Amino acid sequence: MIADTDARFMALALSLGARGQGRTWPNPAVGCVIVNGDRIVGRGWTAPGGRPHAEPVALAQAGAAARGATAYVSLEPCSHHGQTPPCAKALVAAGVARVVTALEDPDPRVAGRGHAMLRAAGIEVATGVLEGAARRAHRGFLLNRTQGRPALTLKLASSFDGRIATATGESRWITGPEARRAVHAMRARHDAVMVGGGTARADDPDLTVRDLGVAHQPVRVVCTRRLDLPLDGRLARGADSVPLWLCHGADADPARVAAWTARGAHLIEVAVAPGGQLDPLAMLRALGAAGLTRVFCEGGGSLAASLLSAGLVDDLVGFTAGLALGAEGWPALGALGLGRLAEAPRFRLVETRAIGADVLHVWERD
């Protein structure tokens, strides 16, 4: 009975934490539920910008009712002084009797110390509740702390035969308005939206979240070795109002570096791989060092292929439309150089459903 109750309230904590996705980086999007008896007395999730953390928000709502209660937290409470006091200390001061967490925080400043602080104060601690679900929810933060890179979702919208444009380059619109709206919602739940330079030149995109009434915008990241993007395009015009980060090589024209910097873009120099493209792992590690935990990549084909080849795609999101464009159409992916099926990156199906007239399928790496 206790196990069922713990799982139920932890599921709620995870759902609350998800409300902060895309807005809490570099901090994790944590959820917290405080239960006294059979009554929820406090709820909280990490605020935009990463603070206050979920626990003090829930404790403030609970007030005196937190004494003797159980706190459910989707990640180990922090134990270090940063810009805010330790959450483990706040739970101790509030007089909670029991703390249930989903998993330990791998951040070296925490790494079990939060749990130890609670136990030292006489608080019962249970951990590992819905650990698998929590690892998926916090995947970006966990990867940032353990591998130095954000989690990467690759989205591909294509025809039934895997094409993203006709032979002449026409691509608007392969998928319907419902699918495009779903993509905007996905953008809003990520720290950054990323495309390659070819896509930026061909589509002149805004890469913003629109028509959803959200008050924030993800960082826009463009991977362009030579910074050869139009200086009069949409990205340039909005660089001083919506964050624009440009990953480029050391051989980019200094005049272009100066021009994009003057427009308000943040430039990140990245090593170039032997094939001539920006090194995908170096690029993601640079984004991770800048604090990003969740990146939503929307192509194009060459960038997508390089990320897949490097084993850096954690989730695949596909929108497939009911039309065929034929072999002369533009493929969704560039060359992967595979000689055998065993070399192909494999993913596990998580979800499939209709979105308007299109099909959404979501996969995660095995």
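## A walk from two listed residues to the sheet and helix 4

Start by selecting Arg-210: this residue sits in the loop between helix 8 and strand 9 (helices are DSSP runs of H or I with at least four residues, strands are runs of E with at least two, both numbered from the N terminus). Before you click on, note that this is a predicted model, where local features need pLDDT of at least 70, side-chain atom pairs count only at pLDDT 80 or more, and totals for chains, interfaces and linings use all residues. Residues are numbered from 1 along each chain as its sequence is written, and side-chain values use heavy atoms, with hydrogens and water left out.

Stay on Arg-210. At 36% relative accessibility, Arg-210 is partly exposed (buried is under 20% relative accessible area, exposed over 50%, partly exposed in between, with a 1.4 Å probe and protein chains only). Neighbours within four places in sequence aside, Arg-210 is in contact with His-184 and Arg-187 (contact means heavy atoms within 4.5 Å).

Next, pick Leu-207, found in the loop between helix 8 (197-203) and strand 9 (219-223). Leu-207 is buried, at 3% relative accessible area. Skipping neighbours within four places in sequence, the contacts of Leu-207 include Arg-187, Val-222 and Leu-235. An unreviewed UniProt entry lists Leu-207, Arg-210 and Arg-187 among its "binding site" positions; such annotations may be inferred rather than shown by experiment.

Now show the open sheet of 9 strands, in the order 11-10-9-8-12-6-13-16-15 with mixed pairing (two strands pair if DSSP finds at least two bridges between them). Strand 11 (266-269) and strand 15 (347-355) are at the edges with a single partner strand each, so one side of each has no neighbour in the sheet. Zoom in on strand 10 (residues 244-248), which runs parallel to strand 11 and is joined to it by 4 bridges. There, His-248 stands opposite Glu-269 in strand 11.

Add helix 12 (residues 301-309), which lies across several strands, including strand 8 (192-196), to which it runs at about 110 degrees (axes are lines fitted to C-alpha atoms, for helices over the stretch in contact, and angles run from 0 to 180 degrees between N-to-C directions).

Last stop: helix 4 (residues 113-120). Which residues are buried in helix 4? Gly-114, His-115 and Leu-118 are. They cover an arc of only 100 degrees around the axis, so they lie on the same side of helix 4 (the arc is that of the directions from the helix axis to the C-beta atoms). Among the elements covering them are helix 3 (87-94) and strand 4 (98-101). Just after helix 4, look for Gly-122, with a positive phi of about 85 degrees.
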